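I am opening a fresh page for this structure and will note down what I looked up, entry by entry. The sequence and the model come before the notes.

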Amino acid sequence: MILFSYCCPFDGFLPVFPVRLVMIFSPCRVAPSPFRGQFPLEAGLSYLNHAGVAPIPLRAVTVVREMLEEMSRFGALRYPKLDAWRDRARDRAAALLGTGRDRIAFLSSTSEGLSFVGLGLDWRPGDEVVTTDQEFPSNALIWRDLARRFGIRVVQATSEADGAVSTAALLDRVGSRTRVVAISSVQYATGAVVDLAHLGAALRDTPVLLVVDAIQSLGLLPLQAEALGLDAVAADGHKWLLGPEGCALFHLSAKAQSVVAPRVLGWHSPRNAGRYDEEIAGEWQPDLRRFEAGSPNLLGIAALAESMGLLLEVGIGEVASRVSGLMARLTEGLRGLGCRFHTPLDDQGLPGAGILVWSHPNRDADALHRALMAKGIYCARRGKGVRFSPHFYLDDRDIDGVLQVVADLLSES
């Protein structure tokens, strides 16, 4: 059997990204999680699509129910009690991102956060954005639209043959007109993990902003924004963070905040927000609340606070370790069934995060995906194959059941 342990080059909670996952041969297995009861999935459903939309834990469901009952009975009479969840969420988000609570805003989506950065910069024709050739539309459309509207250039670094993202290739394309390097921490269609530590160190003392779509890593792998030199981070809560859709985390460094202006404005934006009898100030909130223009999504924020609290209680190192063990079991089992992998693998033949994209030479990927879904294996069709993405609360029994279904499907004539 294989057990994976989490290894970090720093003491404490300041790991270098990507996380090193070290294989240890042991008779132990990935044991059932004591938090499994937080996810009462329907009988017969094997959930391997946390890179899509994840189940929401019971503790988040409970707090939303309590808040709805509060609103039903009292409306906004006791609003400070409801709004306290936003403070709690801000503290937990800051802990996950390794930053101060004043550097956290709650937005509606990853797309909104990335757009806020793109629209908030003062562009000149010929300015450049360096990115990759495999970004999700959230981290592609905004830059392409700015190119059309303002005459900036979008420069793409070509991925390696196995789908890996070369930081050297990205940095080679950074020039005197580069304003932004825009990258996903983990690529959605391949599972390629980006060496943010390398990029952050190279760009920290430059005017170039390192802008990160972190939706495929935050809640799964440690991601300390300040230590890594990340200037902007956006991540919706509905994937590895186990929160609801429509509630996202947004972070800006001091460097980024000094050049990214808020373009969507509302009653929360100015420094004197809430003082309605005063003339609206010409200065914005001193922290990232300047980007929280209107009324907050309190239900979504409270649910996300509970989900983040669960992950912090488990420990992100433990989350990463358990997912690594599950991925090892999946990879080993699929390899034994003759499957091919379209996710970059490390020296030990393993994925670096929670995404494994695979196919079989004798099966059409679309048909295989449909057959798996019909058997209750909830997964995604991405890139060149089928994408599996398990989370920490699963265990060997789940993976072994999925592998048995795959084996049965492949044995059919």
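Entry on the open sheet. I am working from a predicted model, and I began with a sheet of four strands, which is open, is paired in the antiparallel sense and runs in the order β11-β12-β15-β14. I looked up its edges and found β11 (340-341) and β14 (380-382) there; each has a single partner strand, so one side of each is left without a neighbour in the sheet. I then followed β14 to its partner, strand β15 (residues 385-388), and noted that three bridges join the two in an antiparallel run. Within this pairing, I found Arg-381 opposite Val-386 of β15.

Entry on strand β9. Which neighbours does β9 pair with? I found that strand β8 (residues 209-213) pairs with β9 in the parallel sense over three bridges, while strand β10 (residues 248-252) is joined to β9 by five bridges and runs antiparallel to it. As examples of single bridges, I wrote down Val-212 with its partner Val-233 in β9, and Ala-234 with its partner Phe-250 in β10.

I also asked myself whether the residues of β9 are buried or exposed. Five of the five residues of this strand (residues 232-236) are buried, so β9 is largely enclosed by the rest of the structure. In a regular strand the side chains alternate between the two faces of the sheet. I therefore checked each side of β9, and both are covered, with Ala-232, Ala-234 and Asp-236 buried on one side and Val-233 and Ala-235 buried on the other.

Entry on aromatic pairs. Searching the whole structure, I have ten aromatic pairs on record. One of them is Phe-39 with Tyr-393, a stacked pair whose centres are 3.9 Å apart and whose planes differ by 10 degrees. Phe-39 lies in the loop between β2 (20-25) and β3 (46-47), and Tyr-393 in the loop between β15 and α12 (396-411), so this pair ties together parts that are 354 residues apart in sequence. I noted that Phe-39 and Tyr-393 are both buried, and that ring pairs link these two with Phe-35 and Phe-392 into a cluster.

For a contrast in geometry I turned to Tyr-47 and Tyr-378, whose ring centres are 5.0 Å apart with the planes at 65 degrees, so the pair is edge-to-face. Because Tyr-47 sits in strand β3 and Tyr-378 in strand β13 (residues 377-378), the pair ties together parts that are 331 residues apart in sequence. Tyr-47 is buried at a relative accessible area of 12%, whereas Tyr-378, at 29%, is partly exposed.

Entry on cysteines. How many disulfides does the structure hold? I found zero. Cys-339, for example, is in no disulfide, and the nearest cysteine sulfur, that of Cys-379, is 12 Å away. Cys-339 is buried with a relative accessible area of 8%, and Cys-247 also counts as buried, at 1%.

Entry on the surface and a last distance. I noted a nonpolar patch on the surface made by Ile-56, Leu-58 and Val-61, which together have about 200 Å² of accessible area. Val-61 belongs to helix α1 (residues 58-74) and is partly exposed, with a relative accessible area of 33%. Ala-51, in the loop between β3 and α1, counts as buried at 1% relative accessibility. I closed the page with the separation between the C-alpha atoms of Ala-51 and Tyr-79, which is 34 Å for residues that are 28 apart along the chain.

Methods: Residues numbered from 1 in each chain as written. Predicted model: local features only at pLDDT ≥ 70, side-chain atom pairs only at ≥ 80, totals over all residues. Heavy atoms only, no water. Patch = residues over 30% accessible without salt bridge, like charges linked within 9 Å, V, L, I, M, F, W, Y side chains within 5 Å. Areas by Shrake-Rupley, 256 points an atom, 1.4 Å probe, with all protein chains shown as cover. Salt bridge = Lys/Arg side-chain N within 4 Å of Asp/Glu carboxyl O. Buried < 20%, exposed > 50% of the residue type's maximum accessible area, 1.4 Å probe, protein only. Disulfide = S-S within 2.5 Å. Pairing = 2+ DSSP bridges. Phe/Tyr/Trp six-rings, centres within 6.5 Å; stacked < 30°, edge-to-face > 60°.
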